[in-house]
Amino acid sequence: MKAIIQRVVSASVTVEGRLISSIERGLCVLLGISRDDEQKEADWMARKITSLRLFPDPASNKAWDKSVSDLGLEILCISQFTLCHVLKGNKPDFHIAMEGTAANVMYNDFLKSLGSLLRRPEDAKGGEFGAYMQVHIQNDGPVTIQLETPAIAPPKQRKGSGVSVVKTSTTEEDGNSDAKT
């Protein structure tokens, strides 16, 4: 799963001139869902996006101190399969993007997950899945962050021991500690 996150003063999405969603200050997220993504990637991405400290603290004006969740701001999340591409010469190939029906389900679940991590669920807004959309943003900064879910590596096998060693490493932001088995 890949995301391009932009801090915005405002953002909106239209389809054929019809307003679908709009937000004021917050984040505009372009989300690419790959064919191998599962709920664990979506959960990680939602937690990371809502926790990114991309805003100044209004009280102290300290830069990079507050998240969209901290400040009660909105997120406009647009599904964008073109983020899941491989270039073949000069032509993009989208075979790693998730198939439409499954991607639509995951996208809607992702929006619900975002909403559950914000102060108000209705602060997570979306576009129209599968439609040709016009996304209008007014950047704030500009601030643009690219995120990709971490690869989940299979357990390593120790030579001759028959024992699997699994090491997971997460950050404090993820709420987990390192574990070895």
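Which residue in strand 2 does V15 stand opposite? That partner is R18, and the pair makes a handy way into strand 1 of this model.

First, some ground rules. The model is predicted, so to speak of local features we need pLDDT of at least 70, side-chain atom pairs count only at pLDDT 80 or more, and totals for chains, interfaces and linings use all residues. Residues are numbered from 1 along each chain as its sequence is written, and side-chain values use heavy atoms, with hydrogens and water left out.

The protein chain has three helices and 12 strands (DSSP runs numbered from the N terminus: helices are H or I with at least four residues, strands are E with at least two). Of its 181 residues, 39% are buried (under 20% relative accessible area, using a 1.4 Å probe and protein chains only).

Strand 1 covers residues 2-15, and 11 of its 14 residues are buried. Here are its antiparallel partners, where pairing takes at least two DSSP bridges between two strands:

| Partner of strand 1 | Residues | Bridges |
|---|---|---|
| Strand 2 | residues 18-23 | five bridges |
| Strand 3 | residues 26-32 | seven bridges |
| Strand 8 | residues 134-148 | 12 bridges |

You can spot some facing residues yourself: K2 sits opposite G32 in strand 3, while R7 sits opposite V143 in strand 8. Strands 1 and 2 form a hairpin with two residues between them, and there E16 takes a positive phi near 50 degrees.

Looking at the whole chain again, take contacts (heavy atoms within 4.5 Å) with a separation of 6 or more: 67% of them join residues 24 or more positions apart.

Key. Buried < 20%, exposed > 50% of the residue type's maximum accessible area, 1.4 Å probe, protein only.
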